[in-house]
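Visitor: Could you walk me through the terms people use for this model, and show me how each one is earned?
Guide: Gladly; let us have a look together.

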Amino acid sequence: TLRPAEVFRVAFQNPVLLAAGTCGFGRELSGVVDLEALGGMVTKSITMAPRAGNPAPRVAEFDAGMVNSIGLANPGMERARDDKLPWLADHLRRARVLVSVAGHTVEEYVELVRGMEAADGFAAFEINLSCPNDQRLGGRAFSLDRDALTAVIGRCRAETSRPLIAKLAPNDPDLVDTARAAVDAGADGLTLINTLPGRLLDPGDGHPRIGAGQGGMSGPALRPVGVHAVNAVAGAVDVPLIGVGGILNADHALEYLHAGASLVQVGTASFAAPRAAERIARDLARRRDLPAPWGASGRGGPSHASPG
Ligand code: RRO
């Protein structure tokens with residue numbers, strides 16, 4: 001009952017992707033996860049220079065999810081391009097790769113897209129405008145600065161023929177306006193949402209449970225926030241949406257699809273169960289009456305209108 005579909009001009013075999021930051025650059029999980037069973041995967045966000053990341057501990061769990069402050073640990077653009085992407089290009093045929101880029105200036109985003117554009121092995125860029133843990137930005141999501149957001153998307157648009165998917169922050173009082181601005185600037189899709197700034201303290205001594213103090217909250221507690229964001233933005237823009245936040249099972253994925261997402265990403269669930277995304281994709285494929293564009297019930301989405 002699940003058929004392949006085209007979303008922002010890319011063909012996906014199913015709607016389930018591994019979220020950025022949960023699978024490195026694919027190879028790290030390849031002995032454990034059948035990446036080819038997924039709709040796709042998003043790489044760890046890359047920056048121009050290699051980054052060691054924030055002080056440990058970087059992750060702490062609580063009863064409704066987790067808080068992370070990884071701090072953009074990544075090998076840098078050149079190593080990602082020259083050492084990491086070739087493996088993906090060689091090993092993935094059916095699953096699509098989105099490369100996540102995260103700058104701290106407009107110019108850095110442009111350099112990242114320019115630097116990656118000629119490489120093989122990926123289908124689209126996810127422009128991460130919403131990391132809550134970038135100390136260069138004082139922990140403030142880039143997408144909260146409207147002029148910077150539109151400049152990044154507009155300038156990156158001129159550097160690539162691949163789709164640009166803008167990933168936005170949940171702690172945005174004007175999220176719908178931000179989404180409209182991103183699309184007007186040239187975004188081909190939106191990923192909703194990144195993690196929500198949060199803090200966990202040790203009840204004994206009041207000490208922060210992650211080294212950087214604050215971090216980004218993810219997991220089950222974030223799901224209603226994500227579904228709400230997708231629902232609100234779906235009515236305001238005309239590009240495909242990727243829903244992410246707290247998806248543990250196929251029912252949760254369906255909430256996002258019904259709210260208006262064309263694809264979903266699984267993040268936090270993958271830490272406890274690396275094969276969670278595979279299971280969700282398989283379970284979704286068994287459901288009847290999936291929302292467009294995935295259902296085989298004849299209710300095709302715009303890019304899949306059945307002839308006659
Ligand atoms: O690396 C991180 O700390 C991180 C990033 Br770039 C992001 O976009 N979201 C998040 O929760 N952590």
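What follows is a conversation about the ligand, the empty spaces and a few backbone features.

Visitor: What should I know before we start?
Guide: This is a predicted model, in which local features need pLDDT of at least 70, side-chain atom pairs count only at pLDDT 80 or more, and totals for chains, interfaces and linings use all residues. Residues are numbered from 1 along each chain as its sequence is written, and side-chain values use heavy atoms, with hydrogens and water left out.

Visitor: What makes a residue one of those around the ligand?
Guide: One of its heavy atoms has to lie within 4 Å of the ligand. Residues that pass include Lys44, Gly71, Asn128, Cys131 and Asn133. By class, this shell has four nonpolar, seven polar and one charged residues; Ala, Val, Leu, Ile, Met, Phe, Trp, Tyr, Cys and Pro count as nonpolar, Asp, Glu, Lys and Arg as charged, and the others, Gly among them, as polar.

Visitor: Why is the pair between Lys44 and the ligand called a polar contact?
Guide: A polar contact is a pair of N or O atoms within 3.5 Å (within protein, one must be able to donate a hydrogen and the other to accept it, and residues adjacent in sequence count only if both atoms are side-chain atoms). A polar side-chain atom of Lys44 lies 2.7 Å from a ligand oxygen, so the pair qualifies. Gly71 uses a backbone N or O atom, 2.7 Å from an oxygen of the ligand, and Asn133 a side-chain N or O atom at 2.9 Å from a ligand oxygen. The protein covers 92% of the 310 Å² of accessible area that the ligand has on its own (Shrake-Rupley method, 1.4 Å probe; for residues, only the protein chains shown count as cover).

Visitor: How do you know that the ligand sits in the largest pocket?
Guide: A pocket is an open set of points on a 1 Å grid over the protein atoms alone, with protein on both sides within 12 Å along at least five of seven lines; lining residues have an atom within 4 Å of a point. A molecule sits there if more than half of its atoms lie within 2 Å of the grid points, and the ligand does sit in the largest pocket. This pocket has a volume of about 720 Å³ (the space filled by probe spheres set on points joined across faces, edges and corners). Of its 42 lining residues, Ala20, Gly21, Thr22, Lys44 and Asn68 lie nearest its centre.

Visitor: What makes the other space a cavity?
Guide: In a cavity, a 1.4 Å probe fits but cannot get out. The search finds one cavity of 30 Å³ or more, and the largest cavity has a volume of about 40 Å³. Its lining includes Tyr109, Asn128, Cys131 and Phe142.

Visitor: What is notable about the backbone at Arg9?
Guide: Arg9 has a positive phi of about 70 degrees although it is not a glycine. Most residues other than glycine have a negative phi, and most peptide bonds are trans. The bond joining Ala56 and Pro57 is cis, with omega about -10 degrees, and the one from Ala292 to Pro293 is also cis, with omega near 5 degrees.
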